[in-house]
Amino acid sequence: MAVTAITAVKSPDVNALSGAVTFTAATSATDGFVCDFDGKDYKMAFIVQNTNDSANKTITIKAGDSKRASANDLVFSLTKSKTYFFTLDSALFKKVTGSTAGKVVIIPESTDIKIAVIELT
């Protein structure tokens, strides 16, 4: 399988409607998601849905690889049938080398986790 790329929906301006926000499931839980992380930290919101109606799930945000990167992955628990959002510190979680340079890597516990990303301008 392959990594599922997520593209952030950017807000056009204040008092304006954005493009449609689409939730995407990973094609493989092992490979997960990647998302370009070129916006400001506090303006990138990752929205996550646990579409499983009978089990709680987790997602893992992989630690970045810069000099300031976190030594540990970040794990969030998602209650069944709930939707959440979070922001990230790019210095800790953005990859800066290899095929995922400039991206955040998110690994879901299973493929019934869906993600959308919005970037405020």
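Here is a short walk through this predicted model, from its sheet to two loop residues and then to its salt bridges.

Let us start with the sheet. Five strands make up an open sheet, and following them across gives the order β1-β4-β9-β6-β7, with mixed pairing. At the edges you will find β1 (4-6) and β7 (74-78), each of which pairs on one side only. From one strand to the next, the twist averages 25 degrees. What holds such strands side by side? Strands of a sheet pair through backbone hydrogen bonds, either parallel or antiparallel. For an example, look at β6 (residues 57-61) and β7: these two run antiparallel and are joined by five bridges. Within this pair, Thr-58 stands opposite Ser-77 in β7.

Now let us visit the loops. As background, most residues other than glycine have a negative phi. Asn-15 has a positive phi, near 60 degrees, and is not a glycine. You can find Asn-15 in the loop between β2 (9-10) and β3 (24-25). Is Asn-15 buried or exposed? With a relative accessible area of 83%, Asn-15 is exposed. Ser-81 also has a positive phi, about 60 degrees, without being a glycine. Look for Ser-81 in the loop between β7 and β8 (83-86). Ser-81 counts as partly exposed, because its relative accessibility is 45% and that class lies between 20% and 50%.

Our last stop is the charged side chains. Side chains of opposite charge can pair when their charged atoms come close. How many salt bridges does the structure hold? There are three salt bridges.

One of them joins Lys-10 to Glu-119, with the closest N and O atoms 3.8 Å apart. This pair links distant parts of the chain, since Lys-10 sits in strand β2 and Glu-119 in strand β10 (residues 113-119), 109 residues apart. Lys-10 is partly exposed at 48% relative accessibility, whereas Glu-119 is buried at 11%.

Another salt bridge joins Asp-36 to Lys-103, and here the closest N and O atoms are 2.4 Å apart. Asp-36 belongs to strand β4 (residues 33-36) and Lys-103 to strand β9 (residues 103-108), with their positions 67 residues apart in the chain. Asp-36 is partly exposed, with a relative accessible area of 40%.

Finally, Lys-62 forms a salt bridge with Asp-73, the closest N and O atoms being 2.8 Å apart. Both Lys-62 and Asp-73 lie in the loop between β6 and β7, 11 residues apart. Lys-62 is partly exposed at 29% relative accessible area, and Asp-73 is partly exposed at 34%.

How values were computed: Residues numbered from 1 in each chain as written. Predicted model: local features only at pLDDT ≥ 70, side-chain atom pairs only at ≥ 80, totals over all residues. Heavy atoms only, no water. Pairing = 2+ DSSP bridges. Helix = DSSP H or I, 4+ residues; strand = E, 2+ residues; numbered from the N terminus. Axes fitted to C-alpha atoms, helices over the stretch in contact; angles between N-to-C directions. Buried < 20%, exposed > 50% of the residue type's maximum accessible area, 1.4 Å probe, protein only. Salt bridge = Lys/Arg side-chain N within 4 Å of Asp/Glu carboxyl O.
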